[in-house]
Amino acid sequence: MNRKYLAGIAAASILTLSLTACGGSRGGGDAAAEGGSNEGAKIGVAMPTQQSERWIADGENVKSQLEELGYEVDLQFANDDIPTQVSQIENMINGGVKALVVASIDGTTLTSVLDQAESQDIPVIAYDRLINGSDTVDYYTTFDNEEVGVQQATSLLTGLGILDADGKETGAKGPFDVELFAGSPDDNNATFFWNGAIETLQPYLDSGVLRVPSGQTDFEQAAILRWLPDTAQDRMEDLLTVGGGERLEGVLSPYDGLSIGIISALTSGGYSTDDLPVVTGQDAEVGSVKSIIAGEQYSTIFKDVRELGKQAVTMVDALMKGEEPEVNDTETYDNGVKVVPSYLLESEIVTVDNYEASLVDTGYYTEDDLK
Ligand code: BGC
């Protein structure tokens, strides 16, 4: 896999709107505030899990980019276990980090450990997933998560032939039978993905062009705790038995790991590669890109984590120098206590038609990675 950071790539994917953060509370900790130096400071990077490639790549990108700027990095993965993540962050604080970059497991469980960070004037950047219910989140960098959901649903509609490649309605009447999956209910992003997707699908559900045989159209019914592929596989197996035997034509899946579980359930349930439903995804993980090339999974959403890492590192560096990080959204991400100033990146639908241009030509993967 070639995920080395390549300067300049995907610059077009970055939103250009540029506002300055208002109210970024703690810029750079004691040293910068007093005109001292944070050169070589230790930065804590807390990632949720190593069970998914994307988070491994995120962790490595942030670490290597911080190290290139001369920072020391304490990178930890929490195995999707909340107490582990809390104690890792505690250890980082006790170990003298000057800033924290945190991709949370459950966005509501970090309030008290982050209070410790606040008491030591350690700025906190929420990475990809918002940290909820805490005023100790200074900045947030992520993708436009609602748009990710819109893209997932749009690719489902395109795969079904309801929309053409230009996004225009073809007049296809269906009815097309589809089932819907959502992400982990404790991950703030999951609701954004779901809302974007459902808004896009709703007119077709209302008009009967799309039908959900199981009737399970609520987020709570569709959600998969901790984004676990096995849970998605089990749910898909159940759905195949409750739907009344209709052949499914599509499955909205919000993450490649779930898509793999869903496709396993479908193939054991009698579907062959030639007649699998249109299955969506997210993250452009290698296994799913291979599945797309093999004609199994239909689409994924490419989120260039090199760019996300770069953004987080730029924010840390600004804070360490006592400067205000650049943001481009000061409205969308309300964590229940404050609206967190954010920098949002753009994502892209990937199918068999454009994976080479999006993933190989940009150096995200090599051809060999995808063999
Ligand atoms: C991320 C997605 C990822 C999911 C599961 C979300 O918070 O934004 O990119 O697919 O977690 O890891």
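**Exercise 1. Find the bridge partner of tyrosine 140 in S13, then place both strands in their sheet.**

Solution.

Step 1. Tyrosine 140 has serine 342 of S13 as its bridge partner. The model is predicted: local features require pLDDT of at least 70, side-chain atom pairs count only at pLDDT 80 or more, and totals for chains, interfaces and linings use all residues. Numbering starts from 1 along each chain as its sequence is written, and side-chain values use heavy atoms, with hydrogens and water left out.

Step 2. Strand S6 covers residues 139-143, and strand S13 covers residues 342-345. Strands (E, at least two residues) and helices (H or I, at least four) are DSSP runs numbered from the N terminus. S6 and S13 run parallel and are joined by 4 bridges; two strands pair if DSSP finds at least two bridges between them. Phenylalanine 143 stands opposite leucine 345 in S13.

Step 3. Strand S5 (residues 124-127) also runs parallel to S6, with 3 bridges between them. Here tyrosine 127 is opposite threonine 141.

Step 4. The open sheet has 6 strands in the order S3-S2-S4-S5-S6-S13, with parallel pairing. S3 (72-77) and S13 are its edge strands, each pairing on one side only. From one strand to the next the twist averages 15°.

Step 5. Helix H2 packs on this sheet and touches S2 (42-47), S3 and S5, its direction making about 170° with that of S3. Angles run from 0 to 180 degrees between N-to-C directions, and axes are lines fitted to C-alpha atoms, for helices over the stretch in contact. Contact means heavy atoms within 4.5 Å.

**Exercise 2. Decide whether the residues of S6 are buried or exposed, and treat each face separately.**

Solution.

Step 1. Buried means under 20% relative accessible area, exposed over 50%, and partly exposed in between (1.4 Å probe, protein chains only).

Step 2. On one side of S6, Tyr139, Thr141 and Phe143 are buried, and on the other side Tyr140 and Thr142 are buried.

Step 3. The count for S6 is thus 5 of the 5 residues buried, so the strand is largely enclosed by the rest of the structure.

Step 4. In the neighbouring strand S13, take tyrosine 343. Tyrosine 343 has a relative accessible area of 5% and is buried. Its C-alpha atom is separated by 9.2 Å from that of leucine 308, which is 35 residues apart along the chain.

**Exercise 3. Describe the packing of H2 on H11.**

Solution.

Step 1. The axes of H2 (residues 53-68) and H11 (residues 305-320) come within 9 Å and cross at roughly 40°.

Step 2. H2 and H11 are therefore oblique to each other. Angles under 35 degrees count as roughly parallel, over 145 as roughly antiparallel, 65 to 115 as roughly perpendicular, and the rest as oblique.

Step 3. The crossing of H2 and H11 is right-handed, which means that the near helix is turned clockwise from the far one by less than a right angle; an anticlockwise turn would be left-handed.

Step 4. H2 contributes Arg54, Ala57, Asp58, Asn61, Val62, Gln65 and Leu66 to the contact, and H11 contributes Val305, Arg306, Leu308, Gly309, Lys310, Val313 and Val316.

Step 5. By class, the H2 and H11 contact holds 7 nonpolar, 3 polar and 4 charged residues. Ala, Val, Leu, Ile, Met, Phe, Trp, Tyr, Cys and Pro count as nonpolar, Asp, Glu, Lys and Arg as charged, and the others, Gly among them, as polar.

**Exercise 4. Give the angle and the axis distance for H3 and H4, and name the residues that meet.**

Solution.

Step 1. H3 (residues 82-94) and H4 (residues 111-119) pack at about 10°, with axes 10 Å apart. H3 is therefore roughly parallel to H4.

Step 2. From H3, Val86, Ile89, Glu90 and Ile93 meet Val113, Gln116 and Ala117 of H4. This contact has 5 nonpolar, 1 polar and 1 charged residues.

**Exercise 5. Locate aspartate 121 and tryptophan 227, and state the phi and accessibility of each.**

Solution.

Step 1. Aspartate 121 is in the loop between H4 and S5. Its phi is near 60°, a positive value in a residue other than glycine. At 22% relative accessibility, aspartate 121 is partly exposed.

Step 2. Tryptophan 227 is in the loop between H7 (219-222) and H8. Phi of tryptophan 227 is also positive, near 60°. With a relative accessible area of 11%, tryptophan 227 is buried.
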